[in-house]
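Trainee: Hey, got a few minutes to walk me through a protein model? I'd like to look at it together.

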Amino acid sequence: PAEWVVRLPALVEDEIAAALLLKGITADYLLHDLGRVQRGTRLLVHAAAGGVGLLVCSWARRLGATVLGTVSSEEKARVAREHGCEHVIVTRDYRFADAVQRACGGADVVIDGLGDAARDENLAALARRGHWISLGQASGPLAPLAADALVAKSLSFSPPVVSDYVETGEQLATRAARVWNALADGSIQAPPIEHHSLAAAAEAHARLESLATVGALVLVP
């Protein structure tokens with residue numbers, strides 16, 4: 001329907017829009033609606049060198065947050081730092097809570113795409129009254145959380161779905177405009193883009209699953 005068409009600014013190329021729009025809208029509601037990130041917020045971002053992670057790190061840093069991130073390699077750590085992640089934790093075994101506590105005394109907000117393997121470490125990494133946002137489940141489905149797991153530090157938990165934050169064409173346009181404005185003023189950067197042909201879509205999915213990618217993957221004709 002025409003009311004769901006998003007107008008691109010003249011300076012935003014098609015492949016940048018493909019790499020940025022959905023991820024940027026996701027970053028927008030994570031930071032402004034759920035995380036309420038502002039100056040002084042201690043934010044932990046998992047997969048900090050991924051497509052969403054890079055946008056969240058740079059945008060949160062512009063908002064004045066202290067940004068921590070987990071990555072799986074030194075190369076990804078370098079990219080995460082270039083996009084505003086101040087404290088980068090390189091780990092492939094989902095151990096990060098001690099490093100977070102040492103760096104900042106605990107995270108006010110955790111943006112988590114790791115899933116069940118990071119469950120206990122997320123709880124340990126959070127500060128009192130912290131908020132855990134479960135964005136994905138790369139390591140496997142997250143087991144149901146018992147209330148007792150949250151009450152010890154007065155924690156809160158959200159498993160958001162992007163469609164609930166763009167219920168109307170007007171809401172979509174408003175969020176998209178915030179993304180384009182953030183790109184224009186330098187709050188976010190276009191992520192590194194890895195190109196694959198449509199015929200190689202299976203290869204692109206395999207690359208995603210390998211944890212070897214940085215930034216966004218775009219399929220082209």
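Mentor: Sure, let's go through the sheet, the helices and a few single residues.

Trainee: Anything I should know before we start?

Mentor: This is a predicted model, where local features need pLDDT of at least 70, side-chain atom pairs count only at pLDDT 80 or more, and totals for chains, interfaces and linings use all residues. Residues are numbered from 1 along each chain as its sequence is written, and side-chain values use heavy atoms, with hydrogens and water left out.

Trainee: Ok, the sheet. In what order do the strands come?

Mentor: The order is S3-S2-S1-S4-S5-S6, an open sheet of 6 strands with parallel pairing. Strands are DSSP runs (E, at least two residues), helices are runs of H or I with at least four, and both are numbered from the N terminus. Two strands pair if DSSP finds at least two bridges between them.

Trainee: Which ones are the edge strands?

Mentor: S3 and S6 (156–158), since each of these pairs on one side only. From one strand to the next, the twist averages 15°.

Trainee: What holds strands together in general?

Mentor: Strands of a sheet pair through backbone hydrogen bonds, either parallel or antiparallel. Here, S2 (residues 66–71) and S3 pair in the parallel sense over 4 bridges. Thr70, for instance, has Ile89 in S3 as its bridge partner.

Trainee: And which strands does H1 lie across?

Mentor: H1 lies across S1, S4 (107–112), S5 and S6, and runs at about 145° to S5. Helix H2 (residues 51–62) also packs on the sheet, touching S1, S2 and S4, and its direction makes about 170° with that of S1. Contact means heavy atoms within 4.5 Å. Angles run from 0 to 180 degrees between N-to-C directions, with axes fitted to C-alpha atoms, for helices over the stretch in contact.

Trainee: At what angle do H1 and H7 pack?

Mentor: H1 (residues 14–34) and H7 (residues 169–184) pack at about 105°, with their axes 9 Å apart. That makes H1 roughly perpendicular to H7 (65 to 115 degrees; under 35 is roughly parallel, over 145 roughly antiparallel, the rest oblique).

Trainee: Which residues meet there?

Mentor: On the H1 side they include Leu20, Leu21 and Ile25, and on the H7 side Leu172, Val179 and Trp180 are among them. The residues of this contact divide into 11 nonpolar, 1 polar and 4 charged. Ala, Val, Leu, Ile, Met, Phe, Trp, Tyr, Cys and Pro count as nonpolar, Asp, Glu, Lys and Arg as charged, and the others, Gly among them, as polar.

Trainee: Switching to H3, which residues are buried?

Mentor: Lys76, Ala77, Val79 and Ala80 are. Buried means under 20% relative accessible area, exposed over 50%, partly exposed in between (1.4 Å probe, protein chains only). Down the axis of H3, the buried residues fall within an arc of 165°, so they line one face of the helix; the arc uses directions from the helix axis to the C-beta atoms. H2, S2 and S3 are included in what covers them.

Trainee: And His83, buried or exposed?

Mentor: His83 is buried, at a relative accessible area of 7%. Its place is the loop between H3 (74–82) and S3 (87–90). Not counting residues up to four places away in sequence, His83 touches Leu54, Cys57, Ser58, Gln189 and Pro192.

Trainee: Last one: what's up with the phi of Arg36?

Mentor: Arg36 has a positive phi of about 45° although it is not a glycine. Arg36 counts as exposed, at 64% relative accessibility.
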